[in-house]
Amino acid sequence: MTAPAPTATAATATGSPVTAGEPVIRLDGLTKRFGTGADSLLAVDDVSFEVRPGEVVALLGLSGSGKSTLLSLLDGLQAPTSGDGTVLGTALARAGRSELRALRRRIGFVFQQFHLVGRLSVLENVCTGALGSLRGPRLGLLSYPRAVRERALDGLEQVGLAAHAFQRADTLSGGQQQRVAVARALMQEPGLLLADEPVASLDPESSAQVMRLLARVAQERELTVLCSLHQVDLALSWAHRIIGLRSGRVVMDVATEGIDRGTVMRLYEEVAAGSAEGVAAAVAAGSAVPPRPAAPPGSVPAPVAASAAFTKGD
Ligand SMILES: Nc1ncnc2c1ncn2[C@@H]1O[C@H](COP(=O)(O)OP(=O)(O)OP(=O)(O)O)[C@@H](O)[C@H]1O
């Protein structure tokens, strides 16, 4: 599946969609350190990039490279240690609690584990997506305004699950539950959709279905999507752009159009500091990555070098 270019956009030479609007995300040296002193850990390290309206971006990187931490910073769930970022016009480092709460109401978040309430009906789960805009707690489907219930049903139709509206959520398959979670996120009418490994616990067929759904809603709603993934092939076929993290740093930022799989796979290999320039040139040219020099027999692999940046355009 190829990511459909959002409407009202003009494709650039690299195929990346660009609209005239302000960036939805603008990060400037965003940094998150856990702990202090010698034992502290730099989870997100001086990250700067922009995401334009309608862009569908896949966030790739080894386990522990900082993808989830970056997403939680963007959602205002964690405060940056230094640097700044603006999301939907809210400055992350300077926003107060209520501003961050307001920001979160405008960001849809899709989790790996769906986070549905299993004993509630599918429709009521979708209705909970509107809670941020309603006053007071809700108990039972009928406690939601009719307009919300109708919108939730429309959402379920959009994700192909209207027939299951009155079933308990925990009777659905994993792939179906994730599609319900997408419908719930869309109830917020978000200006940005973040997804943290939304298909990590799904089989290949359900994964493709969920990614196809995300691509479709992104196109139909001109919605900006930033989604962490472990599946390079899904990222290549679904996203407009791949941002690769290694040890918290952005080491790859490429349009998916014209990029080959081997180049992206370098993200998952250990990169010796000495070969970084070669990789950078290969990525920038969109060509195949030159072979790594063979390690002498018995040698210990070089540590992954966070400084081995091969950001496109460097
Ligand atoms: N609350 C925390 N306190 C301390 N360290 C943390 C915390 N959250 C994350 N980390 C550390 O920050 C680093 C980045 O973690 P993060 O979960 O963002 O990576 P990831 O790329 O999302 O990994 P995965 O693909 O396995 O989900 C890891 O070393 C992790 O152990």
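Domain bounds here come from an automatic or database domain assignment. Keep in mind that this is a predicted model.

**Stop 1: the two domains**

Colour residues 18–106 together with 191–256; this is domain 1. Give 112–189 another colour; this is domain 2. How far apart are the C-alpha centres of the two domains? They lie 24 Å apart.

Now look at where the domains touch. Domain 1 brings 14 residues to the contact, and domain 2 brings 14 residues. On the domain 1 side, select strand S9 and helix H6 (204–221), the elements that give two or more residues each. H6 has the largest share of that side, with six residues. What kinds of residue make up the domain 1 side? Eight are nonpolar, three are polar and three are charged.

**Stop 2: around the ligand**

Select Phe34, Leu41, Ala43, Gly61, Ser63, Gly64, Ser65, Gly66, Lys67, Ser68 and Thr69. These are the residues around the ligand. By kind, the shell holds three nonpolar residues, seven polar ones and one charged one.

Which elements supply at least two residues of this shell? They are strand S4 (41–51) and helix H1 (67–74). H1 gives the most, with three residues.

**Stop 3: helix H1**

Stay on H1 and show its side chains. Its buried residues are Lys67, Leu70, Leu71, Leu73 and Leu74. They span an arc of only 160° around the axis, so they sit on the same side of H1. Lys67 appears twice on this tour: it is one of the residues around the ligand, and it is also among the buried residues of H1.

Step just past the end of the helix. There, Gly76 has a positive phi of about 75°.

**Stop 4: two unusual backbone angles**

Most residues other than glycine have a negative phi. The next two selections go the other way.

Select Leu88 first. Its phi is positive, near 50°, and it is not a glycine. Where does Leu88 sit? Its place is the loop between strand S6 (82–87) and strand S7 (90–91). Leu88 has 17 C-beta neighbours inside 10 Å, so it counts as partly exposed.

Then select Glu189. Here too phi is positive, about 50°, in a residue that is not a glycine. Find Glu189 in the loop between helix H5 (174–186) and strand S9 (192–196). Is Glu189 buried or exposed? It is partly exposed, because 15 other C-beta atoms lie within 10 Å. S9, at the far end of this loop, also gives residues to the side of domain 1 that touches domain 2.

Terms used. Residues numbered from 1 in each chain as written. Predicted model: local features only at pLDDT ≥ 70, side-chain atom pairs only at ≥ 80, totals over all residues. Near = placed C-beta within 6 Å. Helix = DSSP H or I, 4+ residues; strand = E, 2+ residues; numbered from the N terminus. Nonpolar A, V, L, I, M, F, W, Y, C, P; charged D, E, K, R; others polar. Buried ≥ 20, exposed ≤ 12 C-beta atoms within 10 Å, placed from the backbone. Arc of directions from axis to C-beta. Contact = placed C-beta atoms within 7 Å.
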